[in-house]
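Work through these short exercises with the model open beside you. Try each task before you read its solution.

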Amino acid sequence: MEKKKYERPVLKKLDTGMPNKFGMRSEYTPKTHIDGIAVSDLAKEYGSPLFVISESTLRNTFQQAKRAFTTRYPKVQFAWSYKTNYMNAVCCAFHQEGSWAEVVSGFEYDKAIANGVSGKKIIFNGPDKTEEDLKKAINNDSLIHIDHLDELYTIIDMATSMNKRPRVAIRVNMDTGVYPMWDRFGFNYENGQAWDALNKIMRSEKLELVGLHCHIGTFMLSPGAYAVAATKLTDLAISLQTKFNHDIKYIDLGGGFTSKNTLKGSYLPGSDTNPTFDDYAEAITSVLINSNLRQDKLPTLILETGRALIDDAGFLVGSVIANKRLSTGKRATILDFGVNIMFTAFWYDHKVSPAQEFTHYAEDTVLYGPLCMNIDVVRENISLPLLNKGDHLVVHQMGAYNMTQWMQFITLRPKIVMIDMDERVHIIRDNETLESITGPERTPDYLKKFEL
Ligand SMILES: *Cc1c(COP(=O)(O)O)cnc(C)c1O
């Protein structure tokens, strides 16, 4: 009898991703059209990859947010957070809806002015405002949100030398029960820095203290944290009424509401679990209304909501470059877009849909971008039907931060189009060319000649 051949046992890791009680997540509906336009036509006409913004989703989302707050509180003002998406077309759509501008740099400030926003309706946040920026903001009577004492003293000096009375607020940071705390911006509430800064402003008599501001974090899953923030800002406002008989004009609760995206490691999809505008609005407005603020002097509630207003309106259309099997046997699909234009892939498990009909056999797949870089992973694990070379996909909830945090690395950035309310497509930003990248470069003459 022949000796049986020995085969070495192997341990194989079962890579099933993160199932929940409903089993594995899978995206089984093809997304063939965006606002009535075929995805394949978009890719053919404008190239792949391609960012697509749905104007109707943008406006509907804004209206929902506005309704949630204005039905609960008499004075509400939104200010569009430029850094979330500062494509001019996007900013202008929000300005048409009545949003002011919220900017965090001189560049964004100039962009808002160039878009035609009146200086009085620009909120200037952030730790880095140069004296030149501040001068512009003071001359335009913008709302300057002071971040630190050095800035406070600079503004007091400038107010004196320019003989103006700048309109200011302070940014307050605080413990809202969500950690890590964002205590690097503004003045702390608990240790008394915020109250100290307010006293310095009131004593100086050079500045007009118009508001109190906070921005407690981003993608905040807890409406309760906003209730805490609103309570603490309201306490400061009441203290100002009591001590100085001074009424502030607004309380600004910043941004940070979630979109419908799903954070990595979440048990259930964000579209099922994330708070709604009504949840946030109820938490915030009930604090303001129930407070001891003088009812005839209720401050305006300002919201600098960014992500939650634009994320759902943005899509990324792309194509399959190739399929391959990894050494483990796992299916890998290589796409023509990667983390260079999908910065948020680091935080979210984005919903990805095939853009055409498919068979119902799905397999766990890793989606890679086209970059020669190991971290270029669009989804580590997603159950998808087989996609062939040239097939299209649509990534959902891409409107926030991807079009501002994208990077020019290895390849050029694609076009952005907006589909308007009448289903017409407009290019709102052209794709980059070699010239857009090399244009600002300067090569010293002596380096230009070489023989190989
Ligand atoms: C980024 C930012 C916002 C917008 O935040 P979202 O999380 O996008 O809503 C609002 N205010 C300030 C001060 C910011 O820095």
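**Exercise 1. The ligand**

Task: find which side-chain and backbone atoms approach oxygen atoms of the ligand, and state how much of the ligand the protein buries.

Solution.
- Step 1. Start at T218. An N or O atom in the T218 side chain is 2.5 Å from an oxygen atom of the ligand. Keep in mind that this is a predicted model.
- Step 2. Go to K83. One of the polar atoms in the K83 side chain lies 2.6 Å from a ligand oxygen atom.
- Step 3. Look at the backbone of R307. There, a polar atom is 2.8 Å from an oxygen atom of the ligand.
- Step 4. Turn to area. The ligand taken alone exposes 390 Å², and the protein buries 95% of that.
- Step 5. Place these residues in the wider setting. The ligand is surrounded by 16 residues. K83, T218, G256, E304 and Y401 are the closest.

**Exercise 2. L236**

Task: decide whether L236 is buried or exposed, and list its contacts beyond its sequence neighbours.

Solution.
- Step 1. Locate the residue. L236 sits in helix α8.
- Step 2. Apply the cut-off. Buried means under 20% relative accessible area. L236 has 5% relative accessibility, so it counts as buried.
- Step 3. List the contacts. With neighbours within four places in sequence set aside, L236 is in contact with V172, Y189, A194, W195, L198 and L212.
- Step 4. Pick out Y189. It is 47 residues from L236 along the chain, yet their C-alpha atoms are separated by 8.8 Å.

**Exercise 3. The nonpolar cores**

Task: describe the largest nonpolar core and say where its residues come from.

Solution.
- Step 1. Recall the background. In soluble globular proteins, nonpolar side chains tend to be buried together.
- Step 2. Count the members. The largest nonpolar core has 104 residues, and F69, I170 and L253 touch the most other members.
- Step 3. Find the main contributor. Helix α8 (residues 223-244) gives the largest share, 9 residues.
- Step 4. Check the domains. Domain 1 (33-52 + 312-433) and domain 2 (56-311) each supply at least three residues to this core.
- Step 5. Zoom in on L253. Leaving out residues up to four places away in sequence, L253 touches partners including C214, Y226, L233 and I284.
- Step 6. Look for another core. One of 14 residues lies apart, with I34, A43, Y46 and V317 among them.

**Exercise 4. Two domains**

Task: how far apart are the C-alpha centres of domain 1 and domain 2, and how many residues are in contact?

Solution.
- Step 1. Take the centres. They lie 33 Å apart.
- Step 2. Count the contacts. In domain 1, 25 residues are in contact with 23 residues of domain 2.

Conventions:
Residues numbered from 1 in each chain as written. Predicted model: local features only at pLDDT ≥ 70, side-chain atom pairs only at ≥ 80, totals over all residues. Heavy atoms only, no water. Core = buried A, V, L, I, M, F, W, Y, C linked by side-chain atoms within 4.5 Å. Buried < 20%, exposed > 50% of the residue type's maximum accessible area, 1.4 Å probe, protein only. Helix = DSSP H or I, 4+ residues; strand = E, 2+ residues; numbered from the N terminus. Domains from an automatic or database assignment. Contact = heavy atoms within 4.5 Å. Near = heavy atom within 4 Å. Polar contact = N/O pair within 3.5 Å; in protein donor to acceptor, adjacent residues only side chain to side chain. Areas by Shrake-Rupley, 256 points an atom, 1.4 Å probe, with all protein chains shown as cover.
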